[in-house]
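User: I should like to go through the terms used for this protein and see how each one is justified. Please set every value against its definition.

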Amino acid sequence: MTGIVMIACRMMVAGLFLVKSSTESRLPPLVYFQHHRIHHHNHAEEFFDDANWHTTVNPEYNSYSLDARPLRVLYQVGDSEEDLPVCQPWAVCSKVDKYESPWIERQCRCPGQHKCSSQLASSDGHTLVDKTRHFKLCEPVKKLTKCRYFRDITWVLTSGPDNTTQQVVNCHCPKGAVAYLIKQQAFQNREGQFGYQYSFACSPQGMLRCQRKEPCRLFTVRKRLELLDEVNTNGLCQCPHNHYCPRHHTDPGVIQLESFVEENIRTYSGYCLPDGHLYGT
């Protein structure tokens with residue numbers, strides 16, 4: 001069983017962090033510095049210097065704070081709204097991570113008089129929800145069509161030669177569905193520089209009942225900043241009656257698996273527990 005868990009863990013890291021490895025940024029040297037690798041099908045390795053990200057507090061988001069701490073905002077380019085590129089149609093302008101204390105990753109500026117929603121909630125009419133992340137759009141999401149399972153591309157994430165990223169949405173997944181990586185390809189610009197595109201499709205979230213000693217959820221945790229973790233979760237199966245699956249990588253019933261030192265990633269697996277453990281009984 002341990003071997004199966006480790007294989008599943010590696011698959012999840014590859015699937016969930018392959019994109020992040022190519023698009024994650026290099027924070028200021030005093031905070032964080034790291035190279036990431038992308039492994040291609042021919043086993044060749046391309047190394048990328050991460051884009052420069054700056055952490056700051058935007059006055060627009062100051063009204064949202066937890067434990068007297070201002071909301072942290074990261075910028076893809078520069079250190080202010082003026083430094084960001086203008087969003088293309090249906091591009092994600094902000095990503096809100098709500099796994100723990102919310103933080104925002106600013107991607108681009110909405111064109112013209114439009115503004116990227118600064119609400120943390122998903123009820124602003126400009127938000128697509130993907131697990132613990134909210135994707136904010138300049139356009140109203142009600143204008144998006146519904147994706148067909150396995151066939152339509154819900155969004156495309158492009159990592160350019162200049163290390164900037166762009167996520168463009170084509171349609172929204174049906175309620176309860178999950179997005180998964182379906183295609184990846186390299187492209188070359190006129191200057192001969194390479195970039196990468198990652199396409200995601202929608203899948204229904206159907207899970208079988210967990211077997212005894214089988215993990216119900218996997219976690220990958222990447223340290224982005226001091227006290228700021230980026231966490232991806234992957235549900236594997238459904239716990240039996242009167243049992244629950246841990247939702248956080250520090251909850252009871254979660255054990256640490258493998259660590260990937262170069263990528264600053266730790267992996268964990270969660271196991272079903274009786275409902276009484278939820279209340280410490």
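Analyst: The following exchange takes up the overall fold, one histidine, the disulfides and the aromatic pairs. The model is predicted, so that local features need pLDDT of at least 70 and side-chain atom pairs count only at pLDDT 80 or more, whereas totals for chains, interfaces and linings use all residues. Residues are numbered from 1 along each chain as its sequence is written, and side-chain values use heavy atoms, with hydrogens and water left out.

User: How many helices and strands does the protein have, and what makes a segment count as one?

Analyst: The protein has 1 helix and 22 strands. Helices (H or I, at least four residues) and strands (E, at least two) are DSSP runs, numbered from the N terminus. Of the contacts with a separation of 6 or more, 60% are between residues 24 or more positions apart; contact means heavy atoms within 4.5 Å.

User: Why is His249 called buried or exposed?

Analyst: Buried means under 20% relative accessible area, exposed over 50%, and partly exposed in between (1.4 Å probe, protein chains only). His249 has a relative accessible area of 8%, and therefore is buried. His249 is found in the loop between β19 (243-244) and β20 (254-260). Leaving aside neighbours within four places in sequence, His249 is in contact with residues including Tyr99, Glu100, Phe219 and Asp229. Of the 281 residues of the protein, 45% count as buried.

User: How do you know that Cys87 and Cys108 form a disulfide?

Analyst: A disulfide is a pair of cysteine sulfur atoms within 2.5 Å. The sulfur atoms of Cys87 and Cys108 are 1.9 Å apart, so the pair meets this rule. The torsion about their S-S bond is about 100 degrees, and the disulfide is therefore right-handed. Cys87 lies in the loop between β8 (72-75) and β9 (92-97) and Cys108 in the loop between β10 (103-106) and β11 (127-130), so the link ties together parts that are 21 residues apart in sequence. By this rule the count comes to 8 disulfides.

User: Which hand does the link of Cys110 and Cys138 have, and what makes each of these cysteines buried?

Analyst: With -95 degrees about the S-S bond, the link of Cys110 and Cys138 is left-handed. The sulfur atoms of Cys110 and Cys138 are 2.1 Å apart. Cys110 is buried because its relative accessible area is 9%, and Cys138 is buried because its value is 6%.

User: What is the handedness of the disulfide of Cys147 and Cys171, and where do the two residues lie?

Analyst: The torsion about the S-S bond of Cys147 and Cys171 is about 110 degrees, so this disulfide is right-handed. The pair links distant parts of the chain, with Cys147 in the loop between β12 and β13 and Cys171 in the loop between β14 (165-169) and β15 (178-188), 24 residues apart.

User: Why is the aromatic pair of Phe135 and Trp155 called stacked, tilted or edge-to-face?

Analyst: Rings of Phe, Tyr and Trp (its six-membered ring) pair if their centres lie within 6.5 Å; planes under 30 degrees apart count as stacked, over 60 as edge-to-face and the rest as tilted. The structure holds 4 aromatic pairs. Phe135 and Trp155 are 5.1 Å centre to centre with 85 degrees between the planes, so the pair is edge-to-face. Phe135 lies in strand β12 and Trp155 in strand β13, so the pair ties together parts that are 20 residues apart in sequence. Phe135, Trp155 and Phe200 form one aromatic cluster.
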